Amino acid sequence: DVSFGKGGKGNRVLLEEMAEENDFTVKIIEKIFDHGKEISSTYVRDAVKQGEMELVTKLLGQPYHVGGTIVHGRHLGTGLGMPTVNILPPPEKLLPPNGVYYSYVMMNGRIYLGITNIGTKPTVSGEAVMGVETFIYDFDQDVYGQDIQVYLLHYKRPEMRFHGIEALKKQMA
């Protein structure tokens, strides 16, 4: 059921005709299913929207990730003894539900384990700016301005508002 081009009007027949005219080969493969459900971009997007990161990893063959340049936050994590790296994903980036995820970060060709919050940080921010904030275990470097990829492995819990900074600090610890 291949479709492409403006309005999705291109189809298998057109693709095969174009192959003959432009000297390339078309190979149509059979659909692949997961537990009776067709694996498609819609299926993957729905799994991301549900926060089913293990399923997303299985469907994509690698963990779903969000990339960006590390920006300055409010430095509250640093003040709590748990500095984080913050990225602001583009508005069009599909994000899973707001919440906390086990994760790892790829930065400068190295992998670091972490835990990531996706959301608006309701305990410490009155703004509705979506962000991706990751505490990287055993890491203490100045990396502002560097590009990273945050790979989301497992949904831990929804984003929560805590009754003050001390309650947040206790939860983070």
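Where in the structure is the place of D138? Keep that in mind as you look around; the tour comes back to D138 near its end. One thing to know before you start: this is a predicted model.

**Start with the whole chain**

Show everything as a cartoon. You will find five helices and eight strands, and reading along the sequence gives the pattern α-β-β-α-α-β-α-β-β-β-β-β-α. The protein has 173 residues, of which 34% count as buried. Switch on the surface, and you are looking at about 11100 Å² of accessible area, with 53% of it belonging to carbon and sulfur atoms. Among contacts with a separation of 6 or more, 60% are between residues 24 or more positions apart.

**Select helix α2**

Next, select residues 41–49, which make up helix α2. Show the side chains of Y43, V44, A47 and V48: these residues are buried. They lie on the same side of α2, because they cover an arc of only 135° around the axis. What do the buried residues of α2 pack against? Add β1 (33–34), β2 (37–38), α3 (53–60) and β3 (64–69) to your selection, and you have their packing partners. Before leaving, click on G51, just after α2, where phi is positive at about 75°.

**Follow the strands from β3 to β8**

Keep β3 on screen and add β8 (147–158). These two strands pair in the antiparallel sense over six bridges. To see one pairing, pick G67 and look across to its bridge partner in β8, Q149.

Now bring in β5, residues 99–107. β5 also pairs with β8, in the antiparallel sense and over eight bridges. Which residue stands opposite M106 in β8? It is Q149, the residue you have just met as the bridge partner of G67.

**Cross to β6 and β7**

Select β6, residues 110–119. Nine bridges join β5 to β6, and the two run antiparallel; for one facing pair, find G99 and the residue opposite, I118 in β6. β5 and β6 form a hairpin, with two residues between them.

Zoom in on N108, in the loop between β5 and β6. Phi of N108 is near 55°, a positive value in a residue other than glycine. Most residues other than glycine have a negative phi. Is N108 buried or exposed? N108 is exposed, with a relative accessible area of 58%.

From β6, step over to β7, residues 131–136. Six bridges join β6 to β7, again running antiparallel. Pick I115 and you will see its bridge partner in β7, F135.

**Back to D138**

Here is the reply to the opening question: D138 lies in the loop between β7 and β8. As with N108, phi of D138 is positive in a residue other than glycine, here near 50°. D138 counts as exposed, at 83% relative accessibility.

**Last stop: a patch on the surface**

Finally, select Y102, L113 and Y137, and show them as a surface. Together they form a nonpolar patch with about 300 Å² of accessible area. L113 is found in strand β6, and it is exposed, with a relative accessible area of 55%.

Terms used: Residues are numbered from 1 along each chain as its sequence is written. This is a predicted model: local features need pLDDT of at least 70, side-chain atom pairs count only at pLDDT 80 or more; totals for chains, interfaces and linings use all residues. Side-chain values use heavy atoms; hydrogens and water are left out. Patches are made of residues with over 30% relative accessible area and no salt bridge: like charges are joined within 9 Å, nonpolar side chains (Val, Leu, Ile, Met, Phe, Trp, Tyr) within 5 Å. Accessible areas come from the Shrake-Rupley method with a 1.4 Å probe; for residues, only the protein chains shown count as cover. A salt bridge is a side-chain nitrogen of Lys or Arg within 4 Å of a carboxyl oxygen of Asp or Glu. Helices (H or I, at least four residues) and strands (E, at least two) are DSSP runs, numbered from the N terminus. Buried means under 20% relative accessible area, exposed over 50%, partly exposed in between (1.4 Å probe, protein chains only). The arc is that of the directions from the helix axis to the C-beta atoms. Contact means heavy atoms within 4.5 Å. Two strands pair if DSSP finds at least two bridges between them.
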